[in-house]
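Thanks for making time, everyone. I have one structure to walk through this morning. Let's put it on the screen.

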Amino acid sequence: MTNQRVLAIEDELHIQELLKYNLEKNGFQVSVAENGLEGLNEALTGKYDIILLDLMLPGMDGLEICRRLRADKRTKKTPIIMLTAKSEEFDKVLGLELGADDYITKPFSVKEMVARVRAALRRYEDDIEVHENAEAQGGPIISYRDITIDKEKYEVRKGDEKLSLTLKEFELLKMLIENQGKVLTRDLLLDKIWGYDYLGETRTVDVHIRHLRQKIKDEDGSNQIIETIRGVGYKAAAEGDK
Ligand code: CA
């Protein structure tokens, strides 16, 4: 798994150097962009396997870049890890909501940073594999109430309307519906969707669930599919239960 291409969008010279040196030492090819616009344009070439994205950048900030990368076909599913300073708590959550896969808080340990890059790439590769095996796993279409999930095309519809979900939101919804009637713990969801070696917090699951709920709710806010089981996790009611 060498020669994977990393784009680091980061304006601080010493962090650029830290990322480049250590990732190259671990077999990655690293390109650096030092301002937001340049980084966005470089990322949109679609030639990177993963993007490390600083939050505070000259030109365009990391959240806006993240939003634009998720809106573009070429980078819709490319793993994005946000780099944030300790004080930027609010933005960290927003970053996940905008579709970043993970975040690393500066200052970070090199070992942790490399582990997270590897974990994000592995999850992405697993997703591709799942995608390729979808047919073998009992057909690509799941229907649940007014929701239809096409596991092959990675599409979710509510009635006739196509929903725009991030990869993680897609996986969460699919897993809850495939296991309808069962309570899935936050740890289990983290484990299955983010990977056993994910170093983040269970709060990550809550953030993604909250965003997912916003996208799948009825216009009047009713008919919530995902139930919170306080202190435990989440479940989708078995179809027929109400
Ligand atoms: Ca910065």
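Start with the largest pocket. Its space comes to about 530 Å³. Keep in mind that this is a predicted model. The pocket is lined by 21 residues. Which of them are closest to the centre? Arg70, Lys76, Ser164, Leu165 and Thr166.

Now the elements behind that lining. Five of the names to look for are α3 at 62-71, β8 at 155-158, β9 at 161-163, α6 at 167-178 and α8 at 203-216; each gives two or more residues to the lining of the largest pocket. By class, the lining has nine charged residues, eight nonpolar and four polar.

And the domains? Domain 1, 5-126, gives at least three residues to this lining, and domain 2, 139-236, also gives at least three.

Next, closed space. How many cavities of 30 Å³ or more turn up in the whole structure? Three. The largest cavity has a volume of about 60 Å³.

Look at what lines that cavity. On the list are Arg70, Lys76, Lys77, Leu96, Gly99, Ala100 and Asp101. Thr166, Leu167, Lys168 and His208 line the cavity as well. Arg70, Lys76 and Thr166 should sound familiar: they are among the residues closest to the centre of the largest pocket, and they also line the largest cavity.

The class split for the cavity lining is five charged, three nonpolar and three polar. Domain 1 and domain 2 each supply at least three residues here too.

On to helix packing. Two packed helices are described by the angle between their axes and the distance between the axes. Take α2, residues 36-43, against α3. The angle is about 20°, and the axes are 10 Å apart. Under 35 degrees counts as roughly parallel, so α2 is roughly parallel to α3. The crossing of these two helices is right-handed.

Second pair: α6 and α7, where α7 covers residues 186-194. Their axes come within 10 Å and cross at roughly 125°. That value falls outside the roughly perpendicular range, 65 to 115, and is not over 145, so α6 and α7 are oblique to each other. This crossing is right-handed as well.

Last, two backbone details. For context, most peptide bonds are trans, and most residues other than glycine have a negative phi.

Which peptide bond is cis? The one joining lysine 106 and proline 107, with omega about 0°. Proline 107 sits in the loop between β5, 102-106, and α5, 110-133.

Then arginine 145. Phi there is near 45°, a positive value in a residue other than glycine. Where is arginine 145 placed? In the loop between β6, 141-144, and β7, 147-150.

That's my list. Over to you for discussion.

Conventions: Residues numbered from 1 in each chain as written. Predicted model: local features only at pLDDT ≥ 70, side-chain atom pairs only at ≥ 80, totals over all residues. Heavy atoms only, no water. 1 Å grid on protein atoms, 1.4 Å probe; cavity = no way out; pocket = protein on both sides within 12 Å on 5 of 7 lines; lining within 4 Å. Points joined across faces, edges and corners; volume = space filled by probe spheres on them. Helix = DSSP H or I, 4+ residues; strand = E, 2+ residues; numbered from the N terminus. Nonpolar A, V, L, I, M, F, W, Y, C, P; charged D, E, K, R; others polar. Domains from an automatic or database assignment. Axes fitted to C-alpha atoms, helices over the stretch in contact; angles between N-to-C directions. Left-handed = near helix turned anticlockwise from the far one by under 90°.
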